[in-house]
Amino acid sequence: MQIAFTVHGHSCDLALHPISEKTAGLVNEYGSDVYAMKALDWWRKGKTATWGMRIDDVCHIQVTVDGVPVEFDTSLITANPLKIRRRMYLDSKAKYLCVLGFDNELCKFSWEWTTPGPFDPSKFEFMVHQWDRIMGEEGYYILDEIRYDTVFATNHDWCDASGYSLVPPRIIDLDEVRQELSKGGLEHTGSPFPSPNATHHAASE
């Protein structure tokens, strides 16, 4: 049995970089111009990036079994978003994070499995990040990876990619986030995570 799970919509390549107070001041001062600075040309490197497909009103999702489309409840994708990567930063000594990258590249991505039947949609496991408060947008889901019956896809197909534009960089003050969450604040929903005061950085340089 051949199973294919395809998402056609916006891909994203976003990074959450721990940065120093000095770098945070540079980002506040120069905004999107920091992408052209050699010193900040690490946003796509290392293990701080999250690549995936946006699950939003624009994307089209199709599941096929042996080439034939089957019904699938798309609400299952966003039912249990991950918290692991964000907790990694919150539990560290990092003081600031910088959000860099893009989230609007049109493309199509498919995950494919060859597996014994019959097909059971409940066997899908979705690794999804919810970045509502990071990006300041309600319902901001990124589909990172999928397993079927505990197995990762045997084939991936990424195609039909077009251009993208870079998001304005944003600084998140982790100390303020930690304080808020310690008082019972919600990680997934609510106003954007707090940014540091730009005048504070200017005064400390």
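These legends accompany several close-up views of a predicted model.

**View 1. Lys-95 and Asp-175 meet in a salt bridge.**
Let's start with one of the 7 salt bridges that a search of the whole structure finds. The side chains of Lys-95 and Asp-175 come together here, with 2.7 Å from N to O. Lys-95 sits in the loop between helix H2 (84–90) and strand E5 (96–114), while Asp-175 belongs to helix H4 (residues 174–182), so this pair ties together parts that are 80 residues apart in sequence. Are the two partners buried or exposed? Lys-95 is partly exposed, at 33% relative accessibility, and Asp-175 is also partly exposed, with a relative accessible area of 36%.

**View 2. Asp-175 also pairs with Arg-178 inside helix H4.**
Stay with Asp-175 for a moment, and look along its own helix. The side chain of Arg-178 forms a salt bridge with that of Asp-175, at 2.9 Å from N to O. Both residues lie in helix H4, 3 residues apart, which is about one turn of the helix. An α-helix has 3.6 residues a turn, so residues three or four places apart point the same way. Arg-178 is partly exposed, its relative accessible area being 22%. Elsewhere, salt bridges that share partners link Arg-54, Asp-56, Asp-103 and Glu-137 into one network.

**View 3. Glu-125 and Arg-147 join two strands.**
In this close-up, a salt bridge of 3.0 Å (N to O) connects the side chains of Glu-125 and Arg-147. Glu-125 is part of strand E6 (residues 124–130) and Arg-147 is part of strand E7 (residues 141–148), so the pair ties together parts that are 22 residues apart in sequence. Glu-125 is partly exposed, with a relative accessible area of 29%, and the value for Arg-147, likewise partly exposed, is 24%.

**View 4. The surroundings of Arg-147 in strand E7.**
Which residues touch Arg-147, once its neighbours within four places in sequence are set aside? Its contacts are Trp-113, Lys-123, Phe-124, Glu-125, Met-127 and Phe-152. Phe-126 is also worth finding in this view: its C-alpha is 6.7 Å from that of Arg-147, although the two residues are 21 apart in sequence.

**View 5. Helix H1 and the glycine that follows.**
Helix H1 spans residues 21–30, and its buried residues are Thr-23, Ala-24, Gly-25 and Val-27. Just after H1 comes Gly-31, which has a positive phi, near 60°.

**View 6. The largest nonpolar core has 27 residues.**
Here we turn to the interior. Leu-14, Leu-16, Trp-131, Ile-134, Ile-171 and Ile-172 are the residues with the most contacts inside this core. At least two core residues come from each of strand E1 (2–19), H1, H2, E5, strand E10 (170–173) and H4. Which of the elements gives the most to this core? That is E5, with 5 residues.

**View 7. Ile-171 and its contacts.**
Zooming in on one well-connected member of the core, we leave aside neighbours within four places in sequence. Ile-171 is then in contact with Ile-19, Ala-24, Val-27, Asn-28, Tyr-96, Leu-97, Cys-98, Pro-194, Ser-195 and Pro-196. Two of these partners, Ala-24 and Val-27, are among the buried residues of helix H1. Apart from the largest nonpolar core lies another core, of 22 residues, including Ile-61, Phe-126, Val-128 and Tyr-148.

How values were computed: Residues numbered from 1 in each chain as written. Predicted model: local features only at pLDDT ≥ 70, side-chain atom pairs only at ≥ 80, totals over all residues. Heavy atoms only, no water. Salt bridge = Lys/Arg side-chain N within 4 Å of Asp/Glu carboxyl O. Helix = DSSP H or I, 4+ residues; strand = E, 2+ residues; numbered from the N terminus. Buried < 20%, exposed > 50% of the residue type's maximum accessible area, 1.4 Å probe, protein only. Contact = heavy atoms within 4.5 Å. Core = buried A, V, L, I, M, F, W, Y, C linked by side-chain atoms within 4.5 Å.
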